[in-house]
Amino acid sequence: MTRHVSLIGAPTDIGAGARGARMGPEALRVAGLHAALEAHGLQVLDRGNLAGPPNPWLPPVDGYRHLPEVVAWNRLVHDAVHAELAAGRLPILLGGDHCLGLGSISAVARHCREAGKKLRVLWLDAHADFNTSVLTPSGNIHGMPVACLCGHGPQELIEIGGTVPAIQAKSIRQIGIRSVDPGEKRFVHEVGLEVFDMRYIDEMGMRHAMELALATLDEKTHLHVSFDVDFLDPEIAPGVGTTVPGGPTYREAQLCMEMIADTGRLASLDVMELNPALDIRNKTAELAVDLIESLFGKSTLMRA
């Protein structure tokens, strides 16, 4: 894993159903992300915030809310993430809502094609984010990025990485899922997404789920983690717009992050959907920073 890390702020809630995620990047900075990463021997460069269109807060048009603005933001994210990867750096995208995972992961997929690497995406989330304009009742595009990455969505979005689909469904492992619309559930089964939902984690344990999610990684695999903060149980992480009870506990989340760190393969990261407007004294941002530290090798155990 490279020790050169770049922070990229994407301050927008353009794809979300609640305002406030645009303040997420600053909340993570206030919670000490930069210094926390440097304490683990990383060389950290904060690239500041991307500047995209404002949120017009309009109803959906043809099943999509704010499609032109979502496209603009995702193109900005794609270009910024791709530039860091091309420079041999590890980008950390500070969201912003999870529609931006489309721009980030399409950039990672493009980099993998150019570098001859395999891609593994860990999607840590309460939601599958596999909706389409036909399936979604809201039109909020933060519920659609995985579907778009797999080639199911409006042309302007699915083409952002230069190849359609940007990734194959078999590259993704979804972890912590516990809120999926009925039509979306059928679609997830049809395309064969590998999902370790909360029932699976309850029955088999986080360790077993992560062992399977991380299986077959090798030195030619680029590991991307897309961490939606609503992955966590809202009891410990209230600062998100779409809370779903019954998520991973603090210890389960730590184990998840530590097992990712143990692979030594983490090469890019999204931190999404943090909404300080709904938080309590920035506690969710501080927890997110704590877990990001674990991704980069902070162990809570007495191991060398």
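Val70 is buried, at 0% relative accessible area, where buried stands for under 20% relative accessible area, exposed for over 50% and partly exposed for anything in between (1.4 Å probe, protein chains only). Val70 sits in helix H3, residues 67-86; helices (H or I, at least four residues) and strands (E, at least two) are DSSP runs, numbered from the N terminus. Setting aside residues up to four places away in sequence, Val70 touches Ile14, Gly15, Arg65, Cys99, Ile141 and Leu157, a contact being heavy atoms within 4.5 Å. Thr12 is 58 residues from Val70 in sequence, with a C-alpha to C-alpha separation of 9.4 Å.

All of this comes from a predicted model, in which local features need pLDDT of at least 70 and side-chain atom pairs count only at pLDDT 80 or more, while totals for chains, interfaces and linings use all residues. Residues are numbered from 1 along each chain as its sequence is written, and side-chain values use heavy atoms, with hydrogens and water left out.

Zooming out, the chain has eleven helices and eight strands. Its C-alpha atoms fill a box of roughly 55 × 45 × 40 Å along the principal axes. The radius of gyration is 17 Å, which agrees with the value near 19 Å for a compact globule of 304 residues; this radius is taken over C-alpha atoms, and the globule rule is 2.2 Å times the number of residues to the power 0.38. Buried residues account for 57% of the 304. Of the contacts between residues at least 6 apart in sequence, 78% join residues at least 24 apart. The chain exposes about 11,900 Å², with carbon and sulfur atoms supplying 53% of that area; accessible areas come from the Shrake-Rupley method with a 1.4 Å probe, and for residues only the protein chains shown count as cover.

Next come two buried loop residues. Ala16 is placed in the loop between strand S1 (4-10) and helix H1 (24-30), and its 4% relative accessibility puts it in the buried class. Beyond residues up to four places away in sequence, Ala16 touches Trp57, Arg65, Asp97, Asn140 and His142. The pairing with His142 spans 126 residues in sequence, yet the C-alpha atoms are 5.6 Å apart. Met144, in the loop between S4 and helix H5 (145-149), is buried too, with a relative accessible area of 1%. With residues up to four places away left out, Met144 touches Gly63, Tyr64, Asp129, Asn131, Thr132, Ser133, Thr136 and Gly139. Cys99 is 45 residues away from Met144 in sequence and 7.0 Å away in space, C-alpha to C-alpha.

Asp129, one of the residues touched by Met144, has a phi near 50°, a positive value in a residue other than glycine. Asp129 lies in the loop between S4 and H5 and is buried, at 4% relative accessible area. Glu273 also has a positive phi, near 70°, and is likewise not a glycine. The loop that holds Glu273 runs between strand S8 (266-272) and helix H11 (283-295), and Glu273 is buried with a relative accessible area of 5%.

Cis peptide bonds turn up as well. The bond from Gly95 to Gly96 is cis, with omega near 20°, and Gly96 lies in the loop between strand S3 (90-95) and H4. Val164 and Pro165 are joined by a cis bond with omega about -5°; Pro165 is placed in the loop between H6 and S5.

That leaves the pocket. The largest one has a volume of about 350 Å³. Of the 16 residues that line it, Lys118, Leu119, Gln168, Lys170 and Ser171 are the closest to its centre. On a 1 Å grid over the protein atoms alone, a pocket is an open set of points with protein on both sides within 12 Å along at least five of seven lines, and lining residues have an atom within 4 Å of a point. Grid points are joined across faces, edges and corners, and a volume is the space filled by probe spheres set on the points. Helix H4 (101-115) and strand S4 (118-124) each supply at least two lining residues. By type, the lining divides into six nonpolar, four polar and six charged residues, where Ala, Val, Leu, Ile, Met, Phe, Trp, Tyr, Cys and Pro count as nonpolar, Asp, Glu, Lys and Arg as charged, and the others, Gly among them, as polar. Ser171 sits in the loop between helix H6 (155-158) and strand S5 (172-177) and counts as buried at 14% relative accessibility. Apart from neighbours within four places in sequence, Ser171 is in contact with Leu119, Arg120 and Val121.

Technical notes:
On a 1 Å grid over the protein atoms alone, a cavity is a set of points where a 1.4 Å probe fits but cannot get out, and a pocket is an open set with protein on both sides within 12 Å along at least five of seven lines; lining residues have an atom within 4 Å of a point.
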